[in-house]
Amino acid sequence: MKKEVVLMNDKPHALVIGGTGMLERVCHWLVEQNYFVSVINRNREKFERMRKKNSMPDSFHPLTVDYHDGDQLQGKVAEAVTHFGLPDLVVSWIHSSAPDALPLILEPFKDRQEPWKLIHVQGSSSFFVKENTPVPETCAYRRVYLGFVVEENGSRWLTHDEIANGVIKVIQRDYKETVVGTLKPWSKRPQ
Ligand SMILES: NC(=O)c1ccc[n+]([C@@H]2O[C@H](COP(=O)([O-])OP(=O)(O)OC[C@H]3O[C@@H](n4cnc5c(N)ncnc54)[C@H](OP(=O)(O)O)[C@@H]3O)[C@@H](O)[C@H]2O)c1
């Protein structure tokens with residue numbers, strides 16, 4: 001007989017990969033929007049510092065794991081899904097050194113019937129590769145490229161606030177593909 005699972009969360013569930021770095025403000029904003037936020041990261045102390053900054057610390061759940069370790073990653077995601085339900089929103093910032101991480105994280109979504117959204121944050125150089133990210137039919141796929149800022153005397157990479165604000169805008173306005181900052185001219189990117 002199938003066991004009935006009682007979810008420990010009645011809010012919409014967001015999963016943020018890399019949520020204690022440049023996406024930290026996105027995590028706080030999601031909590032303000034009434035999401036329960038699961039955060040994939042490695043450094044538990046950094047996560048606890050982030051959690052303590054929020055007036056609703058119980059709205060965060062850490063999935064502390066190195067996303068290069070496929071088995072552990074799948075285990076942590078499965079645990080979060082069991083306790084808090086399949087996420088309605090996934091915000092993903094994963095280094096290119098872990099190409100298998102996102103497909104493994106998305107594996108449990110293949111059976112999801114309700115619509116859900118993936119905000120896929122990628123670095124500047126991914127813009128020129130335009131890789132195909134396979135997602136289930138129920139997924140609204142949104143892509144965010146991180147660009148740079150051209151200034152009078154050169155150029156610089158985006159600040160955390162600029163990145164977070166860009167991602168929040170994509171969620172609010174539901175843009176399909178966005179560049180935060182600029183990628184042009186490519187020759188002017190910071191070295
Ligand atoms: N314009 C661009 O194209 C571009 C692209 C990339 C980065 N940048 C800039 O470069 C800066 C540094 O980038 P960053 O990637 O260090 O960003 P970050 O967002 O500040 O930190 C990475 C995030 O991912 C988590 N993480 C990293 N490796 C992980 C792993 N193996 N397993 C699980 N979680 C992991 C980290 O958690 P832990 O700390 O707990 O590991 C942290 O939450 C950024 O602040 C950004 O401004 C710009």
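This note walks through a predicted model, point by point, for someone meeting the structure for the first time.

1. **The sheet.** A good place to start is the open sheet, which is built from 7 strands with parallel pairing. Reading across, the order is β3-β2-β1-β4-β5-β6-β9. The edges are taken by β3 (60-64) and β9 (177-180), and each has a single partner strand, so one side of each is left without a neighbour in the sheet. From one strand to the next, the twist averages 15 degrees.

2. **A helix on the sheet.** Next, look for helix α1 (residues 24-32), which packs on the sheet and touches β1, β2 (36-41), β3 and β4. The direction of α1 makes about 160 degrees with that of β2. The loop between α1 and β2 holds asparagine 34, a residue we will come back to below.

3. **Strand β4 and its partners.** Strand β1 (residues 13-17) runs parallel to strand β4 (residues 89-93), and 4 bridges join the two. Two of the partnerships are easy to find: leucine 15 has valine 90 of β4 as its bridge partner, and isoleucine 17 has serine 92. β4 is also joined to β5 by 5 bridges, again with the strands running parallel. There, serine 92 stands opposite histidine 120 in β5.

4. **How enclosed is β4?** How many of the residues of β4 are buried? The count is 5 of the 5, so β4 is largely enclosed by the rest of the structure. Both of its faces are covered, with Leu89, Val91 and Trp93 on one side and Val90 and Ser92 on the other.

5. **The edge at β9.** Strand β6 (residues 139-146) pairs with β9 in the parallel sense over 4 bridges. In this pairing, leucine 146 has valine 180 of β9 as its bridge partner. In a regular strand the side chains alternate between the two faces of the sheet. Along β9, Thr178 and Val180 point to one face and are buried, while Glu177 and Val179 point to the other and are not.

6. **The edge at β3.** Histidine 61 is a useful residue to select in strand β3. Is histidine 61 buried or exposed? Its relative accessible area is 19%, and buried means under 20%, so histidine 61 counts as buried. Not counting residues up to four places away in sequence, histidine 61 touches Phe36, Val37, Ser38, Val39, Phe47 and Phe84.

7. **The largest pocket.** Rolling a probe the size of a water molecule over the atoms shows where empty space is left. The largest pocket has a volume of about 450 Å³ and a lining of 20 residues. Which of them lie nearest its centre? They are Ile94, Pro99, His120, Gln122 and Glu131. Both α4 (101-106) and β5 (116-122) supply at least two residues each to this lining. By class, the lining divides into 10 nonpolar, 9 polar and 1 charged.

8. **Glutamine 122 in more detail.** This pocket-lining residue has its place in strand β5. Glutamine 122 counts as buried, at 6% relative accessibility. Leaving aside neighbours within four places in sequence, its contacts are Trp93, Glu131, Tyr141, Arg143, Val144, Tyr145 and Leu146. Its C-alpha atom is separated by 9.5 Å from that of valine 179, although the two residues are 57 residues apart along the chain.

9. **The second largest pocket.** This one encloses about 350 Å³ of space. Of the 15 residues that line the second largest pocket, Gly18, Arg42, Lys46, Tyr67 and His95 lie nearest its centre. Its lining has 5 nonpolar, 7 polar and 3 charged residues.

10. **Backbone details to check.** Asparagine 34 is not a glycine, yet it has a positive phi of about 80 degrees; at 40% relative accessibility, asparagine 34 counts as partly exposed. Aspartate 174, also not a glycine, has a positive phi of about 60 degrees. Aspartate 174 is found in the loop between α5 (160-173) and β9 and is partly exposed, with a relative accessible area of 31%. Finally, lysine 184 and proline 185 are joined by a cis peptide bond with omega of about -10 degrees. Proline 185 lies in the segment after β9.

Notes. Residues are numbered from 1 along each chain as its sequence is written. This is a predicted model: local features need pLDDT of at least 70, side-chain atom pairs count only at pLDDT 80 or more; totals for chains, interfaces and linings use all residues. Side-chain values use heavy atoms; hydrogens and water are left out. Two strands pair if DSSP finds at least two bridges between them. Axes are lines fitted to C-alpha atoms, for helices over the stretch in contact, and angles run from 0 to 180 degrees between N-to-C directions. Contact means heavy atoms within 4.5 Å. On a 1 Å grid over the protein atoms alone, a cavity is a set of points where a 1.4 Å probe fits but cannot get out, and a pocket is an open set with protein on both sides within 12 Å along at least five of seven lines; lining residues have an atom within 4 Å of a point. Grid points are joined across faces, edges and corners, and a volume is the space filled by probe spheres set on the points. Ala, Val, Leu, Ile, Met, Phe, Trp, Tyr, Cys and Pro count as nonpolar, Asp, Glu, Lys and Arg as charged, and the others, Gly among them, as polar. Buried means under 20% relative accessible area, exposed over 50%, partly exposed in between (1.4 Å probe, protein chains only).
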